[in-house]
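Dear colleague,

Please find below the structure that I am handing over to you, followed by an account of what was found in it.

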Amino acid sequence: MKTLKILSASQTKALDAFTIEQEGIASVDLMERASVAFVNWFMQEYFAVQQLSIHVFCGLGNNGGDGLAIARLLRQKGFKVHVFVVEYAKQKSVDCEINFGKIQEITSIQTESDLAFLKNIKPNEIIIDALLGAGVNRSVTGILKTIIEQINVLKATKISIDIASGLYMDSANLPEDVILKPDKTITFQLPKLAMMLPQNQAFVGDWQVIDIGLNQQFIQETKVENYYLTEILPEVRQNFSHKGTYGHSLLIAGSRGMMGAAILSAKACLRSGVGKLTCLVPDFAYDILQISVPEAMTLTYPESTHEVLSEIEIDNFQSIAIGPGIGTKPEAFELLKSTLLMAKNKAVVIDADALNLLGTEKGRALLTLLPKNTILTPHPKEFQKLIGHTWKDDFEKLNLLRAFAEKYEVIVVLKGYQSAIAMPDGDIFFNSTGNAGMATAGSGDVLTGIIVALLAQGYSAKEAALLGVYQHGKAGDFAAGNRGKMALIASDIIENLRW
Ligand SMILES: NC(=O)C1=CN([C@@H]2O[C@H](COP(=O)(O)OP(=O)(O)OC[C@H]3O[C@@H](n4cnc5c(N)ncnc54)[C@H](OP(=O)(O)O)[C@@H]3O)[C@@H](O)[C@H]2O)[C@H](O)CC1
Ligand SMILES: [K+]
């Protein structure tokens, strides 16, 4: 498994300082290293547009210093560069001052006395935002605010260095804060927590990490609770194996009008390496299941009864999933309750309607029945029901997610772009795969099928959740590559699973 740690603002500062001290590198040289890394990225991306004007907006701190160094380097590479320094305070940082001196030797610099030129920046030109970086510690006001507001309405491509000016890297901004809205953020060394959260979408754009060679040992030894999951691969299947090697899943899904959810989950499960799958569905759906998913076995229960599980040999199954399309009628509640009572010590996935049922007052009383390490896969609305209240911002949502996973000793996959996967030990992993095309009916049912299959094969709950979410997203990315995001339907995700 490959992850990138997400450091807090203070840890990032410490990493910076440690690198400078440990490697005997002057901070201005580290700034140069970061700027060279940015320019290398920029050259790959924008080499073809060398004749276009680039407008670099610099502040007075080290982010501004980066901007000045980058402007100088781009100029030396032959780009047309226009530098604008916003003198919002009396003093520049030491390294900003040094770079201010260096660039003045090769080009003239404009300061904020005349903002009229902003209007002349054309839509096909590029703006580099180096006004404020990781050092932002209060709401932006005055001249900075004016400039950011004016930049935000321009159509030019905006690229923020390290982080958009005005955005806090690990805490919530005020709703009224003025923040630069970049098309891209090129961030140094490690992703920032702010880039994981939906509320910051407009202030992040597409983001990318560039390596600036900060001290790896320090990164390794730094304790964090947030990670960005960049890769996780399945284990190799053994030659001398048989279907018994890969476990037997029980999928409890479907009801009148919602059999598609059961079918999607079942197919995804079978496409994810499970040895055997049994689907438990209402009796009317026997033929539907048998015909749609011939690889699965089917057990049924009378549609309106409460005592449905007594004949099932629960020990035959290595994993159980319940929820997709079961509905929220009282019978479904009883089904969920009896499943949880039987499922002690089992590997369990809870999704969709099962989450809606747990998210009622009566349902929340069942939360203590969840076997340790149960995997719950809510989207934000379902999570809100589970905890019984909403949150003021995404940072609070993340704290609530962590607290819930810790309290009930469960794994919670909060679905969305960069799904957040919370572990019982308090760690949260953000997924790097997936796309907006996957925001479509049945996508979650597919995920449930994948995860329950992995559990049956003996993956730990943590591995199953991470691997399942990652591969689900990857399949969605393949599917979007084939058809485009808008055309993507949940079946395409199943078709594009590649293990
Ligand atoms: N990560 C790395 O290893 C490297 C990072 N680099 C770059 O450095 C910046 C961080 O630089 P820093 O100087 O710490 O901070 P800023 O440039 O973001 O801000 C400068 C100062 O501005 C003041 N401030 C904060 N908020 C506001 C505001 N809303 N309005 C006006 N001024 C504000 C604050 O100083 P005060 O004393 O006034 O509080 C800031 O200190 C990082 O993002 C990278 O781009 C290195 O170049 C390479 C290594
Ligand atoms: K910036």
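**The second largest pocket**

The second largest pocket holds about 1,100 Å³ of space. A pocket here is an open set of points on a 1 Å grid over the protein atoms alone, where a 1.4 Å probe fits, with protein on both sides within 12 Å along at least five of seven lines; lining residues have an atom within 4 Å of a point. The volume is the space filled by probe spheres set on the points, which are joined across faces, edges and corners. Of the 43 lining residues, N62, N63, G133, A134 and G135 are the closest to the centre of this pocket.

This is a predicted model, in which local features need pLDDT of at least 70 and side-chain atom pairs pLDDT 80 or more, while totals for chains, interfaces and linings use all residues. Residues are numbered from 1 along each chain, chains are lettered from A and ligands numbered from 1 in the order written, and side-chain values use heavy atoms, without hydrogens and water.

**The potassium ion**

The potassium ion (ligand 2) has as protein donors N63 (OD1), D129 (O), L132 (O), I161 (O) and I163 (O), at 2.6 to 3.1 Å. Donors are N, O and S atoms within 2.8 Å of the metal (3.2 Å for Na, K and Ca); water is not among the atoms, so the site may look incomplete. Both N63 and L132 are buried (under 20% relative accessible area, 1.4 Å probe, protein chains only).

Yours sincerely

Definitions and conventions
Buried means under 20% relative accessible area, exposed over 50%, partly exposed in between (1.4 Å probe, protein chains only).
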